[in-house]
Amino acid sequence: DRLGYVMHGVGRALSSRHTGLIGVILPTLEHAMWAKSISALQRSISKEGYTLSIACSEFSPDIEMDLARRL
């Protein structure tokens with residue numbers, strides 16, 4: 001505290017092997033039902049200390065697999 005040190009999230013994730021990140025891959029973001037679902041999910045997981053990462057696959061299985069490997 002005296003030196004103003006602030007923990008770095010990436011460093012903490014590397015040492016603990018826990019990122020606190022939950023990934024969601026959606027086929028599209030153009031429908032209101034996805035927005036409502038994501039909003040509810042975000043509220044729920046943030047209470048538990050998690051962060052939501054959202055990706056869009058554009059209905060492509062290849063893009064979905066690529067995103068799943070990276071998330």
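**Reading a predicted chain, from charges to core**

Mentor: In this predicted model, the chain carries 8 positive and 7 negative charges, and the mean positions of the two groups lie 11 Å apart.

Trainee: Before going into single residues, I would like the outline: how many helices and strands does the chain have, and which pattern do they follow along the sequence?

Mentor: The chain has three helices and two strands, and read along the sequence they follow the pattern α-β-α-β-α. Among these elements are strand S1, residues 21–26, and helix H2, residues 32–46, then strand S2, residues 51–56, and helix H3, residues 61–70.

Trainee: How should I read the radius of gyration of the chain?

Mentor: The value is set beside the one for a compact globule with that number of residues; here a compact globule of 71 residues would have a radius of gyration near 11 Å, whereas the chain has 16 Å. The C-alpha trace can be read alongside this, for it spans about 50 × 25 × 15 Å along its principal axes.

Trainee: What do burial and surface add to that picture, that is, what share of the residues counts as buried, and how much accessible surface does the chain have?

Mentor: Of the 71 residues, 18% count as buried, and the accessible surface comes to about 6000 Å², with 55% of that surface belonging to carbon and sulfur atoms.

Trainee: Which residues make up the largest nonpolar core?

Mentor: The general idea is that in soluble globular proteins nonpolar side chains tend to be buried together. In this chain the largest nonpolar core consists of five residues, Val24, Leu26, Ile38, Ile45 and Leu52, and both strand S1 and helix H2 supply at least two residues of this core.

Trainee: If I select isoleucine 38, which residues is it in contact with, leaving aside its neighbours within four places in sequence?

Mentor: Isoleucine 38 is in contact with Val24, Leu26, Leu52 and Ile54. Leucine 41, which is also found in helix H2, is in contact with Val24 and Leu52 when neighbours within four places are again left aside.

Trainee: Is leucine 41 buried or partly exposed?

Mentor: Leucine 41 counts as partly exposed because its relative accessibility is 30%, and the buried class requires a value under 20%. Alanine 55 in strand S2 is a useful contrast, since its relative accessible area of 11% makes it buried. Not counting residues up to four places away in sequence, alanine 55 touches Val24, Ile25, Leu26, Leu67 and Leu71.

Trainee: What share of the contacts with a separation of 6 or more comes from residues 24 or more positions apart?

Mentor: Such residues account for 63% of those contacts in the chain. For individual pairs, sequence separation and distance in space have to be read together: alanine 68 and glycine 23 are 45 residues apart in sequence, with their C-alpha atoms 8.4 Å apart, whereas alanine 55 and glycine 4 are 51 residues apart along the chain, with their C-alpha atoms separated by 35 Å. Two further pairs can be checked in the viewer, namely leucine 41 and serine 16, 25 residues apart in sequence and 24 Å apart from C-alpha to C-alpha, and aspartate 62 and alanine 35, 27 residues apart along the chain and 23 Å apart between C-alpha atoms.

Trainee: Turning to helix H3, how do aspartate 62 and alanine 68 read in terms of exposure?

Mentor: Aspartate 62, placed in helix H3, counts as exposed because its relative accessibility is 65%, and the cut-off for the exposed class is over 50%. Alanine 68, placed in helix H3 as well, has a relative accessible area of 43% and is therefore partly exposed.

Trainee: Which loop holds glutamate 58, and what is the phi of that residue?

Mentor: Glutamate 58 lies in the loop between strand S2 and H3, and it has a positive phi of about 60 degrees although it is not a glycine. Phenylalanine 59 is placed in the loop between S2 and H3 too, and its phi is near 65 degrees, again a positive value in a residue other than glycine.

Trainee: Are the side chains there to be read as buried or exposed, taking glutamate 58 and then phenylalanine 59?

Mentor: Glutamate 58 is exposed, with a relative accessible area of 55%, and phenylalanine 59 counts as exposed at 61% relative accessibility.

Conventions:
Residues numbered from 1 in each chain as written. Predicted model: local features only at pLDDT ≥ 70, side-chain atom pairs only at ≥ 80, totals over all residues. Heavy atoms only, no water. Core = buried A, V, L, I, M, F, W, Y, C linked by side-chain atoms within 4.5 Å. Buried < 20%, exposed > 50% of the residue type's maximum accessible area, 1.4 Å probe, protein only. Helix = DSSP H or I, 4+ residues; strand = E, 2+ residues; numbered from the N terminus. Contact = heavy atoms within 4.5 Å. Rg over C-alpha atoms; globule rule 2.2 N^0.38 Å. Areas by Shrake-Rupley, 256 points an atom, 1.4 Å probe, with all protein chains shown as cover. Lys, Arg positive; Asp, Glu negative; His and termini not counted. Charge placed at Lys NZ, Arg CZ, Asp CG, Glu CD.
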